[in-house]
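Me: I have a model to go through before I get back to the bench. Please take me through its fold and its cysteines.

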Amino acid sequence: TLNMVIAYSRKMVRASANTLDGYDPLYADEENIFTVGAEIAHNCQAFGPGLFGAEVGQHSQFVIQTHDLHGNMLALGGMPFTATLTDDECMYYLQLTDNSDGTYSAFYIVSRPGIYLLSIRLNDEHEIYGSPFEVEILPSKTVPEKCTVEGEGLLRVDTGKDSEFMIVARDGYSNQKKKGGDAFEVGIMGSAQLKSLQVT
């Protein structure tokens, strides 16, 4: 009996720190508490450019706004949110900052372009409203020093015949650009002439 009283007292002390509408993350394995957690998470929302994407190497951020079961905006922190950014090859765990006013902020920087899923969860179990978000990371601006050139035209030129080579535009992380439009200039020394420079 004494052990039960001690255990109950410890539970009450721990529960007083991070509870919301009966939800206690420490006891989320209990069915009723798990259900409440799922409902609270569904009421929480995120906003900011980081939910949509960014360019490689650029900061992109988002903010989580918490609400209770009745949809009221909270003004206190303390809830255990997690955020991950994943694709087919990698998973990044993002650091969340508790602003102690009911909001949580995070930012990320990715060096590899692609389509990622941004998952924001309460207690690493319950997805908030709209999560997971599809995030597109695009290559950043073209850096000349990282661009490459390839093709037979770099090695040999036959008299009276066209020879071709290709310039591959890349960003500062050597990622290949997906769209053309960069103003490349090509100069040729000798008797050869440049016939065209095509954007693909």
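Reply: Here are short answers, one topic at a time, on a predicted model.

Me: How many helices and strands are there in the protein chain?

Reply: From the N terminus on, the elements run α-α and then continue as β. The count is two helices and 12 strands.

Me: In what order do the four strands of the open sheet stand?

Reply: The pairing in this sheet is antiparallel. β1 (45–47) and β6 (97–98) stand at the edges, each with a single partner strand, so one side of each lacks a neighbour in the sheet. The order is β1-β3-β7-β6.

Me: Which residue in β3 does F47 stand opposite?

Reply: β1 and β3 (residues 60–65) run antiparallel. Three bridges join them. Opposite F47 stands V63.

Me: Is C147 buried or exposed?

Reply: Buried means under 20% relative accessible area. C90 has 27%, so C90 counts as partly exposed. C147 has 18%, so C147 is buried.

Me: How many disulfides does the count come to?

Reply: A disulfide is a covalent bond between the sulfur atoms of two cysteines. The cut-off for such a pair is 2.5 Å. By this rule the count is zero.

Me: What share of the contacts between residues at least 6 apart in sequence join residues at least 24 apart?

Reply: The protein chain has 200 residues, and 32% of them count as buried. The chain exposes about 13,200 Å², with carbon and sulfur atoms supplying 52% of that area. For the contacts, the share is 57%.

Note on methods:
Residues are numbered from 1 along each chain as its sequence is written. This is a predicted model: local features need pLDDT of at least 70, side-chain atom pairs count only at pLDDT 80 or more; totals for chains, interfaces and linings use all residues. Side-chain values use heavy atoms; hydrogens and water are left out. Two strands pair if DSSP finds at least two bridges between them. Buried means under 20% relative accessible area, exposed over 50%, partly exposed in between (1.4 Å probe, protein chains only). Contact means heavy atoms within 4.5 Å. Accessible areas come from the Shrake-Rupley method with a 1.4 Å probe; for residues, only the protein chains shown count as cover.
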